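Please open the structure in a viewer and keep the selection tool at hand. The tour proceeds from one selection to the next.

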Amino acid sequence: YRHLAAMLLGATLVAGTASAQSVLRVVPEADLRVLDPVAVTVNLSRIHGIQIFESLFAWNDKFEPQPMMIESYSKTPDGLSYTFTLRPDLKFHDGSTVTTKDVVASLNRWMKRDAMGRRMAASGAVLEARDDRVLSLTLKQNFAFVEFSLGSGVGQLPVIMREKEAMTDPNTPVTEAIGSGPWKFNKAEWAPGSKTVYDKFEIG
């Protein structure tokens with residue numbers, strides 16, 4: 001999984017199963033203060049974001065973008081038009097289905113904050129939800145780093161939030177932390193300056 005080492009260095013993880021529970025305790029480098037990995041580039045906020053959110057792509061250990069939230073995608077030979085199809089099993093931690101409306105709102109917000117996102121926007125990027133699982137990205141100018149940028153693990157992260165959080169002003173940090181990633185943020189157990197807890201996300 002993307003940046004597993006960074007995940008383990010950054011927080012206290014709590015993982016459980018029906019029959020047994022295992023706990024990994026880690027002392028992070030600093031305190032988690034901002035839950036939004038799009039509004040800030042603070043390292044702990046980014047590590048937090050990688051644990052609870054997913055993105056369309058993710059870098060492998062060679063920094064090559066690999067599909068994460070998408071089942072398939074295609075692009076035209078000129079690189080100006082992309083079509084992405086989301087995986088059918090995507091769920092947020094609250095049980096709601098991830099749709100392209102969440103993706104469009106999230107990436108539009110990210111493009112206003114991140115350096116590579118702003119370059120994509122400057123290339124005339126327009127995102128459109130065709131249906132709940134299929135979305136398109138069209139560009140006016142060629143941008144050679146689409147997949148790479150949509151899987152970025154640096155700067156502001158192109159993570160997918162619920163639409164209602166993603167509609168927040170990009171300069172205002174989101175205070176909810178509900179993603180579709182492998183760990184759920186246990187806000188009830190969060191004690192800023194003392195403890196941050198994540199529970200394993202069991203799908204289904």
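The stops below move from a surface patch to a covered helix, then through several loops to the salt bridges. The model is a predicted one.

**Stop 1: the nonpolar patch**

Select Phe 63, Phe 145 and Phe 148, and display their side chains as a surface. Together these residues make a nonpolar surface patch of about 290 Å². Phe 145 belongs to the loop between strand 8 (134-138) and helix 5 (146-150). With a relative accessible area of 38%, Phe 145 is partly exposed. Phe 63 is in another loop, the one between strand 3 and strand 4.

What is notable about the backbone of Phe 63, a residue other than glycine? Its phi is positive, near 60°. For context, most residues other than glycine have a negative phi.

**Stop 2: the loop around Glu 64**

Move next to Glu 64, in the loop between strand 3 (57-59) and strand 4 (65-67). The relative accessibility of Glu 64 is 37%, so this residue counts as partly exposed. Display the side chain of Asn 60 as well: a polar contact of 2.9 Å joins it to the side chain of Glu 64. When neighbours within four places in sequence are left aside, Glu 64 is in contact with Ala 58 and Trp 59.

**Stop 3: Ser 152**

From Glu 64, draw a C-alpha to C-alpha distance to Ser 152; the value is 9.8 Å, although 88 residues separate the two in sequence. A second distance, from Ser 152 to Phe 57, gives 7.9 Å between C-alpha atoms for a sequence separation of 95 residues.

Ser 152 itself is located in the loop between helix 5 and helix 6 (163-166). Is Ser 152 buried or exposed? Its relative accessible area is 7%, and Ser 152 is therefore buried. A polar atom of the Ser 152 side chain lies 3.0 Å from the backbone oxygen of Val 154.

**Stop 4: Asp 114**

Val 154 leads to the next selection, as it is one of the residues in contact with Asp 114. The others, again leaving aside neighbours within four places in sequence, are Gly 155 and Gln 156. Asp 114 is placed in the loop between helix 3 (100-110) and helix 4 (115-122).

Which side chain of opposite charge is nearest to Asp 114? It is that of Arg 118, at 7.0 Å; Asp 114 is buried and has no salt bridge. The cut-off for a salt bridge is 4 Å, so a separation beyond it does not qualify. The side chain of Asp 114 does, however, reach the backbone nitrogen of Gln 156 at 3.1 Å.

**Stop 5: helix 2**

Select residues 43-52, which form helix 2. How many of the ten residues of helix 2 are buried? Nine are, and the helix is mostly covered. The buried residues include Leu 44, Ile 47 and Ile 50, together with the polar or charged Ser 45, Arg 46, His 48 and Gln 51. Gly 49 and Ile 52 are buried as well.

**Stop 6: the salt bridges**

The structure holds nine salt bridges; three of them are visited here.

Begin with Asp 89 and Arg 87, whose closest N and O atoms are 3.1 Å apart. Asp 89 counts as partly exposed at 38% relative accessibility, and Arg 87 is likewise partly exposed, with a relative accessible area of 23%.

Continue to Asp 94 and Arg 162, a salt bridge with its closest N and O atoms 2.8 Å apart. Asp 94 lies in the loop between strand 6 (81-86) and helix 3, and Arg 162 in the loop between helix 5 and helix 6, so the pair ties together parts that are 68 residues apart in sequence. The partners differ in cover: Asp 94 is partly exposed at 40%, whereas Arg 162 counts as buried at 10%.

Then select Lys 187 and Glu 176, a salt bridge in which the closest N and O atoms are 3.9 Å apart. Lys 187 is in the loop between strand 9 (183-185) and strand 10 (197-200), and Glu 176 in the loop between helix 6 and strand 9, eleven residues apart. Lys 187 has a relative accessible area of 38% and is partly exposed; Glu 176, at 33%, is also partly exposed.

To finish, add Glu 165 to the selection of Asp 94 and Arg 162: salt bridges that share partners join these residues into one network.

Conventions. Residues are numbered from 1 along each chain as its sequence is written. This is a predicted model: local features need pLDDT of at least 70, side-chain atom pairs count only at pLDDT 80 or more; totals for chains, interfaces and linings use all residues. Side-chain values use heavy atoms; hydrogens and water are left out. Patches are made of residues with over 30% relative accessible area and no salt bridge: like charges are joined within 9 Å, nonpolar side chains (Val, Leu, Ile, Met, Phe, Trp, Tyr) within 5 Å. Accessible areas come from the Shrake-Rupley method with a 1.4 Å probe; for residues, only the protein chains shown count as cover. Helices (H or I, at least four residues) and strands (E, at least two) are DSSP runs, numbered from the N terminus. Buried means under 20% relative accessible area, exposed over 50%, partly exposed in between (1.4 Å probe, protein chains only). A polar contact is a pair of N or O atoms within 3.5 Å; within protein, one must be able to donate a hydrogen and the other to accept it, and residues adjacent in sequence count only if both atoms are side-chain atoms. Contact means heavy atoms within 4.5 Å. Lys and Arg count as positive and Asp and Glu as negative; His and the chain ends are not counted.
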